[in-house]
Every structure is written in C-alpha cells, then in structure tokens.
Amino acid sequence: MLYIGSHVGFKKDTQLLGSLEEAISYGSNTFMFYTGAPQNTIRSNIEDGLTLKALMKMKEINFDYSKVVVHAPYIINLANPDKEKYNFSIRFLQEEINRCEQLGIKYLVLHPGSHVGEGIQAGIDNIVKGLNIIFSNVNTDVKILLETMAGKGTEVGSKLEEIKAIIDNCQYKDNLGVCLDTCHLHDSGYDMKNFSFFLDQFDKLIGINKIGCVHINDSKNEQSTHKDRHENIGFGKIGFNNLINIIYNEKLNDIPKILETPYVDKIYPPYKYEIEMIKAKKFDENLLEKIKNKTK
Ligand code: FE
Ligand code: FE
Ligand code: ZN
C-alpha cells in the first residue's frame with residue numbers, strides 16, 4: 001500500500017492533533033513532524049491529552065500511526081568534534097527519543113552529522129560513539145533512521161558506504177535504520193533515473209529491510225552537485241516519471257514516503273496538490289500556478 005504525506009508543523013498548543021489535522025487536509029495517510037522548530041532545539045512539553053485526542057481521531061479514521069515519523073532538528077551534530085556541542089547533541093537526542101516514546105512514535109530521522117574539517121573517518125567514529133552512548137543510556141525500541149545526505153560542506157552520509165560503516169560499527173544495530181532522500185541521493189551522485197539499480201546496490205551493501213522512510217523531493221540542481229536544494233515534484237532535475245517510479249517501487253511498498261518540497265512563493269504549501277498529482281501519476285506543468293491561484 002502507498003503511504004504518502006509531507007512534513008507538517010507541530011505547534012505548542014495543538015501538538016500531534018494539529019499535525020494530524022494538517023496532514024489530513026493534504027489528503028495524506030502519513031506524515032513527518034519535528035517536535036518543535038526544525039532549526040532550533042527549543043522544545044515544549046508533550047501534552048498527553050492532545051496526543052490521546054490525536055490517537056483517538058486516527059483510530060476513528062483508520063489512520064496508521066505506525067507509519068508516522070519524527071525528524072530531529074538540523075543543528076544536532078553527532079560528528080562534531082567540539083566536546084560541548086557533541087555532548088549537547090547526545091543529550092538532546094536522548095530527550096528526543098523520550099519524546100518519541102511518550103508520543104508512541106517508532107522512527108526518528110537524523111542527519112548523521114558534519115565532521116567540520118576533521119575528515120569523514122573521524123566523523124563516522126564520533127557518530128558511532130555518540131549512538132552507542134545514547135542507546136546504552138536509553139532502553140528503547142525507537143529506531144534512528146540515518147538520512148542519506150547530499151554531501152554539502154562536510155556532511156557525513158552522502159555515500160552508502162558511510163551509512164553502512166556507522167551501522168556496522170554501532171553496538172545497537174537493531175536501533176538503526178536508513179531514511180532515503182531522493183534529492184540528497186541525486187545531489188550526492190546516485191542516478192535516480194535508474195532507481196532499481198540503486199536499490200540493488202543498497203540491498204547488497206546495507207539491506208533493503210533497513211529502509212524505514214523515503215523523503216520524496218525533486219532537486220533544483222544537476223546530479224552530483226552536492227547542493228541540497230529541494231524542488232517541487234516534477235519541476236526539478238530528477239523529474240516526475242523518475243520520482244513516480246521510486247514512489248511506486250514494489251520493494252518500497254508500505255514504507256512511508258514524505259514530501260519535503262518547498263512552499264510555492266514561500267507561502268503556499270504544495271502538498272495537497274502534489275499528492276493528488278502523485279496519485280493520478282500524471283504531471284501537471286501548471287501545478288505551481290494553480291496552487292497560487294487556489295490558495296489565494
Ligand atoms: Fe532531513
Ligand atoms: Fe530529507
Ligand atoms: Zn535536504
């Protein structure tokens with residue numbers, strides 16, 4: 001079955017209930033959220049009353065909560081050699097796992113980190129050490145999904161071998177999985193036109209069963225440019241048909257697909273319309289214009 005949704009907000013006063021309602025308004029049957037703002041680590045307490053209301057609503061409408069994922073904030077960096085920032089990242093991630101537990105969430109997407117000049121191997125070592133500390137401190141079945149990165153700056157995790165090295169060297173392999181991001185893969189050099197070849201490669205190296213989530217984004221830039229600039233579905237350099245092939249790939253059936261495409265003109269959320277277009281499997285070159293007119 002196809003599980004498709006987008007990232008949605010998580011506001012202090014509506015929390016999971018607000019996130020769910022936003023997802024429903026886009027016609028989604030899954031979603032991803034940050035437990036606060038994506039770019040900072042200010043987090044308010046989870047209110048169980050709101051969580052309960054959201055869970056009841058999901059039960060009512062047969063919404064499969066097991067497909068919903070949380071994304072850790074961008075600034076968390078387990079590869080950072082700076083002791084203070086490193087320790088903060090570990091502490092924050094432990095708390096984030098606890099928030100996931102409290103919310104009943106099973107998957108937490110994480111950018112592996114940036115080595116800020118220390119080199120890939122030092123970065124990998126720091127990440128592995130950090131993950132070992134985290135999972136030795138919190139006993140959980142929450143899985144951290146390491147996201148494949150575009151290779152911007154000193155990002156670790158733009159090559160499958162790097163993701164594999166993190167998983168292989170961590171003592172808590174069962175707590176780790178992978179989140180594919182189509183824009184990042186394309187930008188890092190993987191050919192999304194030949195996705196079944198990529199998936200075979202992934203399977204041989206890491207194992208398809210490790211994939212817990214797929215971020216579906218087009219890219220503003222050519223393959224291998226390491227830019228990480230997302231584009232609306234079908235309007236970028238990956239293209240509509242290639243993204244449709246990925247979304248409907250049999251081997252990724254039942255894995256949640258999450259759109260992180262940009263708002264049109266920075267104000268109009270595109271997700272309802274992109275999801276309609278994905279379900280119709282037919283590209284609409286006027287989609288962005290339509291979104292502006294309909295939401296005005
Ligand atoms: Fe991400
Ligand atoms: Fe992503
Ligand atoms: Zn990105």
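Hi everyone. A helix crossing is left-handed if the near helix is turned anticlockwise from the far one by less than a right angle, and right-handed if clockwise. In this predicted model, H3 passes H4 in a right-handed crossing.

Some housekeeping: local features need pLDDT of at least 70, side-chain atom pairs count only at pLDDT 80 or more, and totals for chains, interfaces and linings use all residues. Residues count from 1 along each chain as its sequence is written, chains are lettered from A and ligands numbered from 1 in the order written, and side-chain values use heavy atoms, without hydrogens or water.

Now the metals. Glu147 (OE), Asp181 (OD), His215 (ND1) and Glu260 (OE) are the protein donors of the iron ion (ligand 2), at 2.0 to 2.2 Å; donors are N, O and S atoms within 2.8 Å of the metal (3.2 Å for Na, K and Ca), and with water not among the atoms, sites may look incomplete. Along the sequence, the spacing reads E-x33-D-x33-H-x44-E. Glutamate 147 also bridges to the iron ion (ligand 1), with the two ions 3.2 Å apart. Because glutamate 147 sits in strand S6 (residues 143-147) and histidine 215 in strand S9 (residues 211-216), the pair ties together parts 68 residues apart in sequence; strands are DSSP runs of E, at least two residues, and helices runs of H or I, at least four, numbered from the N terminus. Both glutamate 147 and histidine 215 are buried (under 20% relative accessible area, 1.4 Å probe, protein chains only).

Back to the helices: which residues of H3 make the contact with H4? They are Tyr86, Ile90, Leu93, Gln94 and Ile97, with contact meaning heavy atoms within 4.5 Å. Thanks, all!

Terms used:
Buried < 20%, exposed > 50% of the residue type's maximum accessible area, 1.4 Å probe, protein only.
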